[in-house]
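Visitor: Hey, I've got a structure open and I'm not sure where to begin. Can you walk me through it?
Guide: Sure, let's pull it up and go piece by piece.

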Amino acid sequence: MNLHGIYEPAVTRVRLPSIADALPVGRQQTLFMGWSDKELSKELAANFHKFEDRNNEGFITQKSLKQAAENPGYGGHSWEDSMLAREVLSRESLMDRLDVDSAGRYDGKFGEQGIQDVIRSKVKVQESSKLIV
């Protein structure tokens, strides 16, 4: 009953379908898993504007990547964008290499130059991929 003494049935929340629901089982975990850090960095560079932090123009931040990873289908992020963000975030050594500035400091953000530095680097590091939920 509501405040006026009128009976109202309970409201049931309906779960809206997700983009990922239409994909084969397991695809979420394998889309970018086999990619090298260099390949991931190239993909990130090609889609820089999609991950750029609106509050930090010219930079991708850990926060903007996390938002993309956690919200596929929203905020202009495709399912593939979300999976790319998850994969980049899951690789600590890659995030460290992207984040470090010329003075060797970490500030939680990186620009296009930082991505290009990783692409040009000779370091061949690839952590085992972890699924971030």
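Visitor: What percentage of the 133 residues in the chain count as buried?
Guide: That's 30% of the 133 residues. Keep in mind as we go that this is a predicted model.

Visitor: Okay. How many helices and strands are there in the chain?
Guide: The chain has seven helices and two strands. Reading from the N terminus, the order is α-α-α-β-α-α-α-β-α.

Visitor: And how much of the contact comes from residues 24 or more positions apart?
Guide: If you take the contacts with a separation of 6 or more, 61% of them are between residues 24 or more positions apart.

Visitor: Let's look at some helices. At what angle do H4 and H5 pack?
Guide: The angle is about 130 degrees, and the axes are 7 Å apart. H4 covers residues 62-70 and H5 covers residues 79-90.

Visitor: So what do you call that, oblique or roughly antiparallel?
Guide: Oblique, because roughly antiparallel needs an angle over 145 degrees. The crossing of H4 past H5 is left-handed.

Visitor: Which residues meet there?
Guide: From H4 you have Gln 62, Leu 65, Lys 66, Ala 68, Ala 69 and Glu 70. On the H5 side they meet Ser 82, Ala 85, Arg 86, Val 88 and Leu 89. Sorted by class, this contact has six nonpolar, two polar and three charged residues.

Visitor: I clicked on Ser 64. Is that one buried or exposed?
Guide: Buried: the relative accessible area of Ser 64 is 6%. Ser 64 sits in helix H4.

Visitor: What does Ser 64 touch, apart from neighbours within four places in sequence?
Guide: Ser 64 is in contact with Phe 51, Glu 52 and Asp 53. You can also look across to Ala 85, which is 21 residues away along the chain, with 9.1 Å between the two C-alpha atoms.

Visitor: What about Lys 63, buried or exposed?
Guide: Lys 63 counts as exposed, because its relative accessibility is 54% and the cut-off for exposed is over 50%. Lys 63 lies in H4 too. Its C-alpha atom is 8.2 Å from that of Gly 108, and those two residues are 45 apart along the chain.

Visitor: Switching topic: how many aromatic pairs does a search of the whole structure find?
Guide: The search turns up one. The pair is Phe 32 with Trp 35, arranged edge-to-face. Their centres are 4.7 Å apart and there are 75 degrees between the planes.

Visitor: Why give both a distance and an angle?
Guide: Because a pair of aromatic rings is described by the distance of the centres and the angle of the planes.

Visitor: Are those two buried or exposed?
Guide: Phe 32 is buried, at 7% relative accessible area. Trp 35 comes out as partly exposed, at 28%.

Visitor: Which residue in H5 is 48 positions from Phe 32 in sequence?
Guide: That's Glu 80, which is found in H5. Glu 80 and Phe 32 are 9.0 Å apart, C-alpha to C-alpha. Glu 80 counts as partly exposed, with 36% relative accessibility.

Visitor: Now H6. Which of its residues are buried?
Guide: H6 runs over residues 92-99, and its buried residues are Ser 93, Leu 94, Met 95, Leu 98 and Asp 99. They pack against H2, H4, H5, strand S2 and H7.

Visitor: How do H6 and H7 pack?
Guide: At an angle of about 125 degrees, with axes 8 Å apart. H6 and H7 are therefore oblique to each other. Leu 94, Arg 97 and Leu 98 of H6 make the contact with Gly 114, Ile 115 and Val 118 of H7. By class, that gives four nonpolar, one polar and one charged.

Visitor: And where do H2 and H7 stand?
Guide: Their axes come within 9 Å and cross at roughly 150 degrees. That makes H2 roughly antiparallel to H7. This crossing is left-handed.

Visitor: Which residues are involved?
Guide: Lys 38, Ser 41, Lys 42, Leu 44 and Ala 45 of H2 meet Ile 115, Gln 116, Val 118 and Ile 119 of H7. The classes here are five nonpolar, two polar and two charged.

Definitions and conventions. Residues are numbered from 1 along each chain as its sequence is written. This is a predicted model: local features need pLDDT of at least 70, side-chain atom pairs count only at pLDDT 80 or more; totals for chains, interfaces and linings use all residues. Side-chain values use heavy atoms; hydrogens and water are left out. Axes are lines fitted to C-alpha atoms, for helices over the stretch in contact, and angles run from 0 to 180 degrees between N-to-C directions. Helices (H or I, at least four residues) and strands (E, at least two) are DSSP runs, numbered from the N terminus. Angles under 35 degrees count as roughly parallel, over 145 as roughly antiparallel, 65 to 115 as roughly perpendicular and the rest as oblique. A crossing is left-handed if the near helix is turned anticlockwise from the far one by less than a right angle, and right-handed if clockwise. Contact means heavy atoms within 4.5 Å. Ala, Val, Leu, Ile, Met, Phe, Trp, Tyr, Cys and Pro count as nonpolar, Asp, Glu, Lys and Arg as charged, and the others, Gly among them, as polar. Rings of Phe, Tyr and Trp (its six-membered ring) pair if their centres lie within 6.5 Å; planes under 30 degrees apart count as stacked, over 60 as edge-to-face and the rest as tilted. Buried means under 20% relative accessible area, exposed over 50%, partly exposed in between (1.4 Å probe, protein chains only).
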